[in-house]
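Here is a short note to read with the model open beside you, going point by point through a few places in the chain that are worth finding for yourself.

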Amino acid sequence: MGSGHTHVSTDHSEPTPQAIAARRKANSILAAVLVPLTLLTLAGMAMLWPSGSKDGISLANPYSAAPGVTFDTGKVQSVVEESCTQGSTAPGQSPDTSGQPAPAGSDCMFAFTEPDRGGSPVKVVINPDVAQSHGVKPGDQIRYLNLSNALGATASQGSPAYIFVDFVRTLPIVILALLYALVVIAVARWRGLRALLGLVGAYFVLASFMLPGLVEGKPPLLLALVGSTVIMIGVLYFAHGFSARTSTALLGTMFGLAITALLAAWATDAANLAGVGSHDATTLINTSANISISGVILCGLIISGLGVLNDVTITQSSAVWELYELAPGTSARKLFTSAMRIGRDHIASTVYTIAFAYAGAALPILIIVMLYDRPLGDTLTSAELSEEVIRTLVGSIGLVLAIPVTTLIAVLVVKATGIRTAGQSAIGVPDQGRRPDGASGAAAINADDVDDTGALAAATFDRRSRQSTEGSAGPATTQRGRRADRG
């Protein structure tokens, strides 16, 4: 009967002075490593911060308009197909902006559009590529080029006065963004909200530091490392709070970033990734002499793995803490082994995630390369696909190596900061009442003898259930013990 009282009071015991001292020591070690790294990163950010000057950059804005020409929006009322000679330039000329002649008598798509600013519907000519691939239907919101005030007397010659530019996608994107934010906050609550705010901060670093730095010709490797580290520090601590668990994940993330950066720097040079064949790369080369396409690719290889790397490190760190709370008496080696079982599953699924994400983004290129009917080896090493292949491999190597490192750091920290209180058994229940041979009313279970995490959880639950049943044999004593414990 007295054991019930002892059982309850021990379960509420406070951490011992030794545990508090060990926790402080481990946190001090983490701070001694992370604080200098953070200060060094911030100093590097200050040194590399771009001036914001755009001198020497010559890039024509495709959305700039000549005097008298405006970009207007409107809602499509109806769509017709008529001869391209109606409302176009001279007979036999295409009404689109490409200037390529169209066969006489061919049909073109026109959309009667009601301007958002009011007025009578206007006849907007639809570009042939849009008409063939997606088309335009009544109810669509479109943006079009209004040439009516610039054409003057030439309008009577049949030149198109309104030319399709793009669809207006504001509403569906806003709806998806709000739905995404709602789902994240509903499931993850305040932590989800903090993660969304951290994402805004990450894009601020990307847009105000990394992109302008690349334009001004800053060292791409340092730029990517410093910017990515700042992003990870802000995102991790803002979303997950200041704790040993988060600091452990940050150390693992920094390690993965370093590995990814080194591999990316080597691969960019060894594989001669120069962006050949890319229209965007050609545009950037002609924009400024300071822009290095290889540097842009290198920076992209590092940035592309940030999200997945952060995912695996914080997951592994959390897994170690959860496993330890389930079985505080588990040895460091056993705890590492159990956490790595989770890590291996995460590695497999994450590798698939990276590969399929890049394949989906490069689907048009994959189709074009497939139609070339080239050997598989030539296809994967071609200028069109080599960048995506190397991005997948570099990112995967970095995150795979980050998992065991993060797990090891987490095990060392959790064993130092989470020392069990006096009287706590190997699986988180009090030791009082155990027989001299190490057993209690329920058979004592050593966490190191259990190979499967699920079996360990089941054993823990079973033992606690049995001790609860034994304790209920003396309800009066137990109640007195609880009252004494509270008092």
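**Notes on helix H5 and the largest cavity**

1. Arg189 lies in helix H5, and the model in which you are viewing this residue is a predicted one. The phi angle of Arg189 is near 55°, which is a positive value in a residue other than glycine, and that is a point to keep in mind as you look along the helix.

2. Is Arg189 buried or exposed? Arg189 counts as exposed because its relative accessibility is 61%, and the cut-off for that word is over 50%.

3. Val187 is also placed in helix H5, which covers residues 170-215. With a relative accessibility of 68%, Val187 therefore counts as exposed.

4. Val187 belongs to a nonpolar patch on the surface, which it forms with Leu176, Leu179, Leu182 and Val183. Taken together, the residues of this patch have about 530 Å² of accessible area.

5. Turning to the interior spaces, the count comes to two cavities of 30 Å³ or more, and the largest cavity holds about 50 Å³ of space.

6. Which helices each supply at least two residues of the lining of the largest cavity? They are helix H7 (244-270), helix H10 (306-326) and helix H14 (386-417). Among the lining residues you can look for Gly256, Leu257, Thr260, Ile302 and Leu399.

7. Sorted by class, the lining of the largest cavity consists of five nonpolar and five polar residues, with no charged residues. When you check this, remember that Gly is counted as polar here, and that Gly305, Gly395 and Gly398 are among the residues of that lining.

Methods: Residues are numbered from 1 along each chain as its sequence is written. This is a predicted model: local features need pLDDT of at least 70, side-chain atom pairs count only at pLDDT 80 or more; totals for chains, interfaces and linings use all residues. Side-chain values use heavy atoms; hydrogens and water are left out. On a 1 Å grid over the protein atoms alone, a cavity is a set of points where a 1.4 Å probe fits but cannot get out, and a pocket is an open set with protein on both sides within 12 Å along at least five of seven lines; lining residues have an atom within 4 Å of a point. Grid points are joined across faces, edges and corners, and a volume is the space filled by probe spheres set on the points. Helices (H or I, at least four residues) and strands (E, at least two) are DSSP runs, numbered from the N terminus. Patches are made of residues with over 30% relative accessible area and no salt bridge: like charges are joined within 9 Å, nonpolar side chains (Val, Leu, Ile, Met, Phe, Trp, Tyr) within 5 Å. Accessible areas come from the Shrake-Rupley method with a 1.4 Å probe; for residues, only the protein chains shown count as cover. A salt bridge is a side-chain nitrogen of Lys or Arg within 4 Å of a carboxyl oxygen of Asp or Glu. Buried means under 20% relative accessible area, exposed over 50%, partly exposed in between (1.4 Å probe, protein chains only).
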